[in-house]
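Dear colleague,

I am passing on a structure that may be new to you, and my notes follow it. Please read them with the structure open beside you.

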Amino acid sequence: MSDCLFCKVVEGSLPSEKVYEDDQIVVFKDIYPKADVHLLIIPRQHIASLNELDETHDQLIASMFRLLPKIARQQGLDNGFRTIINTGPGGGQEVYHLHIHLLGGGNLLGFA
Ligand code: 5GP
Ligand code: ZN
């Protein structure tokens, strides 16, 4: 049993508000939203961070990026959205399961 928080989200052993899932990707609401819409896009597969990517992940990463505008549209973010990926301690990463933050709605100015 993994002790990774987001692997637990994928398995369903940690409750989350999922808004999308397919055979490779899960999207759910951030528990401490920093914008009106704040979602996390994660692979089902455990990958700790961007530092662990190799060429076997190319198709998965492309799918995650191509999903972003679709999810944003579903969330009503017609005027645009922000994506953030924190990597390692220097990047402020807290959960070591690769995730893309998708933020939008309201006023995002001042949020790094
Ligand atoms: P990081 O700093 O690693 O890029 O972002 C981790 C994100 O995960 C933070 O925005 C934090 O609010 C979110 N988070 C941490 N624990 C949980 C949790 O148990 N459930 C959900 N849905 N989000 C979480
Ligand atoms: Zn994990």
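**Ligand 1 and its surroundings**

In this model, which is a predicted one, a polar side-chain atom of Asn86 lies 2.9 Å from an oxygen atom of ligand 1. The backbone also takes part in such contacts, since a polar backbone atom of Val95 is 2.9 Å from an oxygen atom of ligand 1, while a backbone N or O atom of Ile31 lies 3.2 Å from a nitrogen atom of the ligand. On its own, ligand 1 has 510 Å² of accessible area, and the protein covers 90% of that. Around ligand 1 there are 17 residues, of which the closest are Asp30, Asn86, Glu94, His99 and His101.

**Strand β5**

His101 also belongs to strand β5, where it points to one side together with Leu103, while Ile100, Leu102 and Gly104 point the other way. Because 5 of the 5 residues of β5 (residues 100-104) are buried, this strand is largely enclosed by the rest of the structure. Two strands pair with β5: strand β3 (residues 37-43) runs antiparallel to β5 and is joined to it by 5 bridges, and strand β4 (residues 82-84) pairs with β5, again in the antiparallel sense, over 3 bridges. To find these pairings in the model, you could start from Val37, whose bridge partner in β5 is Gly104, and from Thr83, whose partner there is Leu102.

**The zinc ion**

Which residues coordinate the zinc ion, ligand 2? They are Cys4 and Cys7, each through SG, and His46 and His97, each through ND1, at 2.0 to 2.3 Å. The arrangement is tetrahedral, because the 4 donor atoms subtend angles of 106 to 117 degrees around the zinc ion. Along the chain, the donors follow the spacing C-x2-C-x38-H-x50-H. Within this set, Cys4 and His46 link distant parts of the chain, as they are 42 residues apart, with Cys4 in the segment before α1 (5-11) and His46 in the loop between β3 and α2 (58-74). Cys4 is buried, with a relative accessible area of 9%, whereas His46 is partly exposed, its relative accessible area being 41%.

**After β5**

Asn107 is found in the segment that follows β5, and at 62% relative accessibility this residue counts as exposed. Asn107 and Asn51 are 56 residues apart in sequence, and their C-alpha atoms are 31 Å apart in space.

With best wishes

Notes:
Residues numbered from 1 in each chain as written. Chains lettered and ligands numbered in written order. Predicted model: local features only at pLDDT ≥ 70, side-chain atom pairs only at ≥ 80, totals over all residues. Heavy atoms only, no water. Buried < 20%, exposed > 50% of the residue type's maximum accessible area, 1.4 Å probe, protein only. Helix = DSSP H or I, 4+ residues; strand = E, 2+ residues; numbered from the N terminus. Pairing = 2+ DSSP bridges. Donors = N, O, S within 2.8 Å, 3.2 Å for Na, K, Ca; no water. Tetrahedral: all angles 85-135°; square planar, octahedral: opposite > 155°, others 65-115°. Near = heavy atom within 4 Å. Polar contact = N/O pair within 3.5 Å; in protein donor to acceptor, adjacent residues only side chain to side chain. Areas by Shrake-Rupley, 256 points an atom, 1.4 Å probe, with all protein chains shown as cover.
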